[in-house]
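Q: I am new to this structure and would like a close look at one part of it, the central sheet, together with whatever lies around it. Please explain each term as you go.

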Amino acid sequence: MAEEASGKVDMEKIVSLCQRRGYIFPSSEIYGGLSSCWDYGPLGVELKRNIKEAWWRSVVQERDDMVGLDTSILMHPQTWVASGHLEQFTDPLVECKQCHLRWRADELKDNTCPSCGGEVTEPHLFNLMFKTFMGPVEEEANVVYLRPETAQGMFVNFQNILNTTRKRLPFGIAQIGKAFRNEITTGNFIFRSREFEQMEIEYFVKPGTDKEWFDYWLEERYNWYVNLGIKKENLQLRQHTKGELAHYAKKCYDIDYLFPMGWSELEGVANRGDFDLTQHASHSGKSLSYLDEETKQHIVPCVIEPSAGVDRSALAFLCDAYVEEPDKEEIRVLLRFHPTIAPVKVAVLPLSKRENLVELAKKVYADLRPCWMVQYDDTQSIGRRYRRQDEIGTPFCVTVDFQSLEDNQATIRERDSMNQIRVPIAELKKTLAAKLEGEDLFVLPPGGQIWKEEREEKSG
Ligand code: GAP
């Protein structure tokens, strides 16, 4: 049986594949690593880029009611007073009186230390924002914070966006960027780290229409994951209870994913009401209202906020794509990524290292590289090279063999089915573009033919 459902995938297998193949490494590994910080390797960085580009395309490029923004990580300290983060972005922290390890009080089953069983202290509130100093003098007046969410950069620029884009309600701002939280409990690989990336939308609507826009965005964001191949059975929507709601939220749903450690938040969709604009207007003394042209009244818009994590999305895509299936006496491991998400789209493989084959394969490689991330590989046996591409999730391999030298055709091999077709090299670019868009492998271009099994034996 193929190991498919993500909830059944072992996190250790994902971590090991990520390290082995160059997806993700512990940060500063040669110094023993830095707790809950991660470095994305050559494949990981492509995976993240693809996730961010797919998100940007769907929420900015393909819409006329959204604009993008890229604000600084360090913001005026008053931002965090107004947003409520200075006072309320806290977790209850306890310390073990015996071993002095610190824990989140709300995650302990009883009042004992999970490590040594010792008694823990009374909880005190611990602010999760990282503090640093602006300028050369380390004094209280120069304290600034690393932003714990990208959202506030969008609220404080509300008037700038209105003035420069002339957007009318409803409209939204989108931003992708790093956020930092001094989490007490981290873990589960890249699921909860202290430095991570967010993809956030602040969608401004007329008060009274916020409920319908909330439902709209929840559905929109759920479908984004499904359209990029995440299995529906591994997704669920979960409403926050009153006690769970963040200080700014009127209502919130999590889009949960069935990660290896169980159902956990992948993205949150919140109705923030007019909390943020009202707070920033009152703390800055600047008007953040909107002139409603119908009623000629100044109003403060409500905000719907779909807030996703790039790293959590990467983990969900990795877990969901991970498959182990029997292959003769061995196990074939593959990442069944949607082509949009796959870090490498095509691998070009000459059947052997014979000079004339390598020359033709490199020509094909050079021709395809401007279109997609393409790898060239002429090491080891063809079977091993296919397995390697399966394991990193490459949807198509193009094989150049001896016959190619005579008929100018090459073989396209599909990752999931391992089926193959033979097409003229001149048609490769167009054919691969169609296949990457989801066209059936067996729709042949002019001059193409279905691959015959015996051809591999003859030429191998
Ligand atoms: N502006 C709203 C906000 O920040 P959140 O639920 O705290 O809401 C939104 O965070 C998303 O950011 C989460 O759904 C998750 O994907 C990601 N995220 C939050 N904390 C994280 C952490 N410590 N490590 C990795 N991702 C995190």
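A: The bridge partner of Phe 204 is Val 303, which belongs to β16. This pair is a good place to start, since β10 and β16 run antiparallel and are joined by 6 bridges. Strands here are DSSP runs of E with at least two residues, helices are runs of H or I with at least four, and both are numbered from the N terminus; two strands are said to pair if DSSP finds at least two bridges between them. The model is a predicted one, in which local features need pLDDT of at least 70 and side-chain atom pairs count only at pLDDT 80 or more, while totals for chains, interfaces and linings use all residues. Residues are numbered from 1 along each chain as its sequence is written, and side-chain values use heavy atoms, with hydrogens and water left out.

Both strands belong to an open sheet of 7 strands with mixed pairing, in the order β3-β9-β10-β16-β13-β12-β11. At its edges stand β3 (66-69) and β11 (235-239), each of which pairs on one side only. On average, neighbouring strands of this sheet are turned by 25 degrees against each other, direction ignored; the axes behind such angles are lines fitted to C-alpha atoms (for helices over the stretch in contact), and angles run from 0 to 180 degrees between N-to-C directions.

Several of these strands also help to line the largest pocket, which holds about 1,400 Å³ of space. A pocket is found on a 1 Å grid over the protein atoms alone, as an open set of points where a 1.4 Å probe fits, with protein on both sides within 12 Å along at least five of seven lines, and its lining residues have an atom within 4 Å of a point. Its volume is the space filled by probe spheres set on the points, which are joined across faces, edges and corners. The lining of the largest pocket comprises 49 residues, and Arg 181, Arg 192, His 240, Glu 265 and Arg 312 are those nearest its centre. Among the elements that give two or more residues to this lining are β10 (195-205), β12 (251-259), β13 (262-273) and β16 (302-309), along with helix α9 (310-321). The largest share, 8 residues, comes from β13. By class, the lining has 18 nonpolar, 12 polar and 19 charged residues, where Ala, Val, Leu, Ile, Met, Phe, Trp, Tyr, Cys and Pro count as nonpolar, Asp, Glu, Lys and Arg as charged, and the others, Gly among them, as polar.

Another contributor to the lining of the largest pocket is β4, a strand that leads to a second sheet. This is an open sheet of 3 strands in the order β5-β4-β6, with antiparallel pairing; β5 and β6 (124-127) are its edge strands, each pairing on one side only, and the twist averages 50 degrees from one strand to the next. Over 4 bridges, β4 and β6 pair in the antiparallel sense, and here Leu 93 stands opposite His 124 in β6.

Within this smaller group of strands, charged side chains also meet. Asp 91 forms a salt bridge with Arg 104, their closest N and O atoms being 3.5 Å apart; a salt bridge is a side-chain nitrogen of Lys or Arg within 4 Å of a carboxyl oxygen of Asp or Glu. Because Asp 91 lies in strand β4 (residues 90-95) and Arg 104 in strand β5 (residues 102-104), the pair ties together parts that are 13 residues apart in sequence. Both Asp 91 and Arg 104 are buried, a term that means under 20% relative accessible area, with exposed meaning over 50% and partly exposed in between (1.4 Å probe, protein chains only). For Arg 104 the relative accessible area is 15%, and this residue forms a further salt bridge with Asp 106, at 3.0 Å between the closest N and O atoms.

Beyond the sheets, the structure holds 42 salt bridges. In one of these, the side chains of Glu 391 and Arg 20 meet at 2.1 Å, N to O. Since Glu 391 lies in helix α11 (residues 382-392) and Arg 20 in helix α1 (residues 11-21), this pair ties together parts that are 371 residues apart in sequence. Glu 391 counts as buried at 9% relative accessibility, whereas Arg 20, at 47%, counts as partly exposed.
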